[in-house]
Amino acid sequence: MKISKKVALGVSAAVGLSLALAGCSSSTPSASGDGGGDPVKMCVLVSDATSSEALGFKAYYTDYIQSNFNVTFTYSDELADANAEKTAMEGFIANNCKAVISFASADRGQQIQMAEDAGIFYSVATGTLPEDQYEEFKDSPSYIGAIGPSLDIERQAGYDMAKYFVEEGDTTFAIFGGGIPYYIDMHIHRVAGMLTALAEEPSTTYGGQKEFGAILGKIMQDGTIKVADFSSDVYELSGYVEAWNFGDSAWQANLAGVVASQPDAILAAGTGFAVFGAAIAGTDIKIGDIDAYTEENKKAMEAGSLAYLAGKFTSINGPIFAATLSAVEGSPIRAEGDTALALEQGYWVATSVDQFTEYLAADTAENPVYDKESLEPFIGTDASYDEFAQFVSQYTFEDLVG
Amino acid sequence: MGTNSMRRVTGTLFIPVAVVVVLIALCSANGVSLFNTGDSFLLLVRGVATTMLTAMALSINLNSGRFDFSLGAMATLSSVIGATTTLNLGGGFPMMAIVTLASGMLLGAFSGLVYVLLRISPMVCSLGITLLYEGISFTITGGANVSFLLEDDLTSFAKSPINMIYVIGAALAVMYLLFDRSRFGFEYRGLITGQAASVAAGAKEKVNAVSTYAVSGVLMSMVGLILASQMGYIEAGKLNFGTIGVMFTAFLPMFIGGYIGRFSNDKLGLLLGALCTTLIALAMSALNATSTVQSLTNAFLLVAFLIFLSNEDRITRAWRRFTRRGGGGTSLSSSLGEPDGATSLRGANTP
C-alpha cells in the first residue's frame with residue numbers, strides 16, 4: 001500500500017500530538033471519598049515541574065488529595081517568566097478553574113489581580129508575599145493567602161546551615177547561589193543568612209558588612225556573590241557558583257574550580273547535590289543543602305556527600321489546599337480584620353542518615369502527615385483562624401509525627 | 001614548504017593561535033592562569049568534544065540547507081533511553097553507550113524520514129520532531145530527572161581526559177572517512193553544489209538526506225552520553241522547545257570552523273573552532289566573569305565574527321590598500337587568501 005503524503009502527515013501529527021499530550025500532565029476526574037457533586041477544579045501554577053521536590057508535591061496533590069477529596073488538579077507547564085504565568089492564568093480562567101494554587105513567583109501581583117478580576121480564588125503555596133504586596137491584596141476576597149517559608153525562615157535556614165558546619169569545625173566554604181542572578185528571593189535570603197552566620201566571627205565581613213540587612217542589600221545590588229568581597233582571618237570563601245547552565249563550558253569550568261578549591265563544605269541555596277554530586281565524588285567535600293526529602297538525597301546522605309539537609313516535606317502544601325478548598329466551598333478562613341492568611345511553615349532538618357530515613361518514611365505521597373483526617377476539620381467548617389494558625393504552626397517533625 | 005602550504009598552515013592556525021595568545025595575555029594581566037585548576041585539561045578536552053560534535057551535527061545538515069532544531073532533543077532522548085535501559089537492566093557504561101548511540105542513529109534516521117516523506121520545510125519538520133522527542137522523554141520518565149549520581153561506573157567515563165581525546169579522534173576519523181573519502185560523502189557534496197546534476201548522475205538524494213540525519217543523531221547522542229556521564233543525571237522534563245538551546249552553543253564554533261576549513265579541512269576547522277570557544281569559556285571562568293558577562297561576551301563574539309564574515313571582501317580590500325600605502329609587507333590576502341583548490345564552505349555556513 002502506497003502511503004500518501006496526507007496519510008503520513010496525519011499519522012505523524014496524531015502520534016506526535018498523542019505523545020506530547022501524554023507527556024503533559026492532565027487532570028483526571030477524581031474518585032473522591034466524598035462523592036458529592038462535580039469535583040472542584042483547582043489549577044496549579046508551577047515554575048519548576050521536574051525537580052524531585054516538585055514531583056513530590058505534585059504526587060501528593062494528584063495522587064493523594066485528588067483521591068480523597070472532591071477535587072481535580074490541572075497543572076501548568078513549567079513557567080519561566082511573568083508572561084508565561086499570565087498566559088497560564090488566562091488558560092485556567094477560560095477553563096473554569098475555581099481556584100489557583102501558585103508555586104510560580106515571577107509576578108504574583110499580576111496573578112492575584114487576574115484572579116480577582118475573574119472572580120476565582122488564589123493562594124500561594126510554599127512561599128510568601130512581600131510585605132508591600134500583602135498590604136495591597138490582603139483585603140481582596142479572592143486572595144486566600146500564603147502558607148510557606150517566609151523570607152525570614154529562608155534567612156534562618158541559611159544561617160542555621162552555615163552555623164552547623166562552623167560548629168563542626170569547618171573553615172573553608174564554597175557557596176552555590178542557585179537562582180541569585182535571577183533575583184529569586186528565597187535563594188538570596190538563604191545565602192545572606194549563610195554569610196551572616198559566618199560574619200558573626202569578629203574578623204569576618206562580606207562587602208565590609210556584618211549585619212543581615214546590609215549583606216542582603218549588597219547581594220541585591222550586585223546580583224551575585226563576589227568572592228573577593230569576603231574577608232576573614234578564620235574562614236575562607238574558596239569559590240562560588242550560581243545558576244544551572246549545565247551545557248555551558250564556562251559554567252562547568254566554574255564548577256570545577258569550586259571543587260578544585262577543596263572547600264570543607266559547599267553551602268547550597270538549593271539543588272546542591274544535583275549540581276555537585278558527580279563533581280565531588282571521591283573527595284571529602286560535604287554538601288549542605290536546602291532542598292527536599294527525596295530518595296536521591298537519601299542516597300547522597302548515605303554516601304556521605306550530603307551532610308545537612310533542610311527540606312520541605314512532601315505534604316507541606318496540605319494546609320494551603322485545605323484553606324483554598326474551604327474558601328471555594330464558602331467557608332474562607334480569614335485572619336484578623338478579614339484579611340488574607342500569611343502563615344509560616346519551615347523546614348525539617350536532617351544531619352544523619354537515620355534522621356533522613358525517618359523523615360522520608362514518615363511523609364510520603366501515599367501516606368502523608370497532612371492526611372485527610374488532619375485537613376478535613378478545616379474544610380467547609382466553622383474552624384476559626386486561630387485554630388487553623390495553630391494547626392499550621394505545628395509543622396515540625398516532632399509536632400506532626402511525634 | 002611552498003607558498004601555498006604556508007598559506008594553508010597560517011590560515012588554519014591564525015585564529016586559534018591568536019585566541020590563545022589574547023586569552024593568556026588577558027589572564028596574565030588579571031593575575032590569573034588560563035588553566036587554573038587540576039581539571040583544566042579535562043574541562044578543555046571535554047568542552048572541545050561536546051562543542052565539536054554539536055557543531056558537526058549542526059553543519060552537516062545546514063550545509064544542505066536543512067536547519068535542525070531537534071539536536072538537543074535527540075541528545076536528551078537518546079541518553080534517556082540509554083540511561084533508563086541501563087539502570088533497569090543493571091548494566092554498565094558499555095551498555096549505556098551502545099544503547100544511547102544506537103538510539104541516536106534511529107532517532108536521527110526517523111527525523112530524516114519524516115522530512116523526506118512529508119516534504120515540508122526542514123525547519124518546520126525539525127520543530128515538530130523537537131516537540132515529539134521532548135514529549136517522549138517526558139513520557140518515559142514522567143518528567144523526573146534520570147539520576148545516577150552515585151553510579152561511578154556510569155559517571156567515570158566523562159571524567160577521563162583520555163576518553164574525551166578518543167571521542168574527538170574517533171569523531172574526526174569517522175567524519176573524514178564518511179564525508180571526504182566515501183561514495184556517500186561524494187554524493188553529499190555533489191548534492192550541495194549541484195543537486196540536479198548529482199541526481200541525474202545517480203545520487204540517491206533521499207537516502208543521502210536520511211543517512212545524514214542519522215549521522216547527526218549519532219553525533220548528538222554522543223553529546224548526550226558525555227553530558228549525562230558528566231553530570232550524573234539527565235534533565236528529561238523539558239517541554240516546549242526547552243532543549244533547543246543546545247544547538248546555539250555550536251554556532252560560533254561552526255562559523256569559525258567554516259572559515260578555518262577553507263585553508264585545510266572543514267572537520268579540522270570545526271575542531272579548532274570548538275577549541276577556540278572552549279578556551280574562551282575557560283578564560284571567562286578564570287577571570288570570574290559573571291554569567292551575565294559570559295552571555296554578553298559570547299553574543300558579542302558571535303555577532304562580531306558574523307560581521308567579519310559578511311564584510312570579509314571589504315576588509316581584505318581595505319587591508320590591501322593599507323599595506324600598499326605602507327610600502328609593501330605581507331598583505332592579508334597573500335598570507336590568508338584562499339589557497340589554490342581549497343574547498344570553500346563560505347556560502348553553506350551562512351544561514
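Biologist: In which helix does A:Glu131 lie, and how many other C-beta atoms does A:Glu131 have within 10 Å?

Modeller: A helix here is a DSSP run of H or I over at least four residues and a strand a run of E over at least two, both numbered from the N terminus, and A:Glu131 belongs to helix H5 of chain A, which covers residues 131-137. Burial is judged by counting other C-beta atoms, placed from the backbone, within 10 Å of a residue's own: 20 or more is buried, 12 or fewer exposed, and in between partly exposed. A:Glu131 has 10 such atoms, so it is exposed. This is a predicted model, in which local features need a pLDDT of at least 70 and side-chain atom pairs count only at 80 or more, while totals for chains, interfaces and linings use all residues. Residues are numbered from 1 along each chain as its sequence is written, with chains lettered from A and ligands numbered from 1 in the order in which they are written.

Biologist: How far apart are A:Glu131 and A:Ala281 in sequence and in space?

Modeller: The two are separated by 150 residues in sequence and by 42 Å in space, C-alpha to C-alpha. For A:Phe230 and A:Ala162, the sequence separation is 68 residues and the distance, again between C-alpha atoms, is 15 Å. A:Phe230 sits in strand S8 of chain A, residues 230-231, and counts as buried, with 21 C-beta neighbours inside 10 Å. Two residues are in contact if their C-beta atoms, placed from the backbone, lie within 7 Å, and A:Phe230, its neighbours within four places in sequence left aside, is in contact with A:Tyr206 and A:Leu237.

Biologist: Which residue in the loop between strand S4 and H5 of chain A should I look at, and what is its phi?

Modeller: Look at A:Thr126, in the loop between strand S4 (121-125) and H5 of chain A, where phi is positive, at about 45°, although the residue is not a glycine. A:Thr126 counts as buried, having 21 C-beta neighbours inside 10 Å. In chain B, B:Asn240 also is a residue other than glycine with a positive phi, near 55°, placed in the loop between strand S2 (233-234) and helix H11 (245-248), but B:Asn240 counts as partly exposed, with 16 C-beta neighbours inside 10 Å.

Biologist: How many residues does helix H10 of chain B have, and how many of them are buried?

Modeller: H10(B) runs over residues 205-231, has 27 residues and reaches 39 Å from its first C-alpha to its last, close to the expected 39 Å (1.5 Å times one less than the number of residues). Because 23 of those 27 residues are buried, the helix is largely enclosed by the rest of the structure. Just after H10(B) comes B:Gly232, which takes a positive phi of about 85°.

Biologist: What does H10(B) give to the largest nonpolar core?

Modeller: A nonpolar core is a set of buried Ala, Val, Leu, Ile, Met, Phe, Trp, Tyr and Cys residues joined through C-beta atoms within 7 Å. The largest has 225 residues, and among those with the most contacts inside it are A:Val44, A:Val100, B:Met52 and B:Met56. H10(B) gives the most to this core, with 15 residues. Domain bounds come from an automatic or database assignment, and both domain 1 (26-149 + 314-346 + 368-400) and domain 2 (152-312) of chain A give residues to the core, so it lies between them. A:Val100, leaving out residues up to four places away in sequence, touches residues including A:Cys43, A:Met89, A:Phe92 and A:Tyr122.

Biologist: How far apart are the two domains of chain A, and how many residues of each are in their contact?

Modeller: Their C-alpha centres lie 30 Å apart, and the contact takes 10 residues from domain 1 and nine residues from domain 2 of chain A. On the side of domain 1 that touches domain 2, H2(A) gives the most, with three residues.

Biologist: How many residues of chain A are in contact with chain B?

Modeller: There are 38 in chain A, in contact with 46 residues of chain B. H1(A) gives the most to the side of chain A that touches chain B, with nine residues.

Biologist: Where in chain A is confidence lowest?

Modeller: The predictor's confidence in each residue is its pLDDT, from 0 to 100, and within chain A the mean is lowest in H1(A), at 54, and highest in strand S10 (residues 265-268), at 98. Chain A averages 89, with 91% of its residues scoring at least 70, and chain B has a mean of 87, with 92% reaching 70 or more. The pLDDT is below 50 over residues 21-35 of chain A and stays under 50 over residues 328-351 of chain B. The model scores ipTM 0.71 and pTM 0.79.
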